[in-house]
Amino acid sequence: MNPAFRQACSSISRQLLGAGAETQAPSRSAASPPRCGSARQVGEIDAVASAAGSVPWRPLGELTADDIRGGLEGKAVSQIELVRQGARHLPAHASYTLVTGIPAREPLLTGSVAALVNGAVEAFVRAAAIELPGRQRINAVSPTVFEESLDAYGDTFAGCDAVPVARAANASVKSIEGHRTGQIFLVEQWSWGRSNLRTSRSVCHAPHGPGD
């Protein structure tokens, strides 16, 4: 995941919870998922926010089964495990904020695995929201490409309006401090605070083909 996003989330969590209140766990594969032992080490945890996960960006014809499994394990299964384990260990008022991205709603060249993985996480968020115990909540933050990452992606996000990483971190605050659950908080130039995919606008200004 973008290091600037992780750093921004860490900074905000320290502001919200106080110095020393933040706990970080490394992202792992499904074969060796993160463990919730941290809850026993630091005491009661009120919120879990994920800034982890990576996916391969390769043309569809060049993808391997390992690419697909790696993308699912690296960004989908790892985040789902945080929630699955947390549901048993965290208090009744805890919240989970996962991270997805614009490939879940905008087709991009070489982004087939990214679309699969981000879409899977968003579908899980909506489904898990009605099953979590107590008053536990779950949301996802779904940003477009970050300004800080444009150079690394080249032309992949051509025509997409980039946003500063701080905006995605602020969306995490909205998820943690608010009261909504099962929501996908879009972070894009057009979002105007909307969190419903059905009312969001496209941010990739690609020309439509015949009949579109």
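What covers the buried residues of helix H4? Before answering, I should say that this is a predicted model, in which local features need pLDDT of at least 70 and side-chain atom pairs count only at pLDDT 80 or more, while totals for chains, interfaces and linings use all residues. Residues are numbered from 1 along each chain as its sequence is written, and side-chain values use heavy atoms, with hydrogens and water left out.

The cover of H4 includes helix H3 (65–89) and the strands E2 (95–99), E3 (137–143) and E4 (183–187); helices (H or I, at least four residues) and strands (E, at least two) are DSSP runs, numbered from the N terminus. The residues concerned are Val113, Ala114, Val117, Asn118, Val121, Glu122, Val125 and Ala128, where buried means under 20% relative accessible area, with a 1.4 Å probe and protein chains only. They cover an arc of only 160 degrees around the axis, taken from the directions to the C-beta atoms, and therefore sit on the same side of H4.

Turning to H3, this helix bends by about 40 degrees at Glu73, the bend being the angle between axes fitted to the seven residues ending there and the seven starting there. Its buried residues include Gly71, Gly74, Lys75 and Glu81, and their cover includes E2, H4 and E3.

Finally, confidence: pLDDT, the predictor's confidence in each residue, from 0 to 100, has a mean of 79 over the chain, with 69% of residues reaching 70 or more. Among the elements of the chain, H4 has the highest mean, 98, and helix H2 (residues 37–42) the lowest, 51.

Notes. Buried < 20%, exposed > 50% of the residue type's maximum accessible area, 1.4 Å probe, protein only. Contact = heavy atoms within 4.5 Å.
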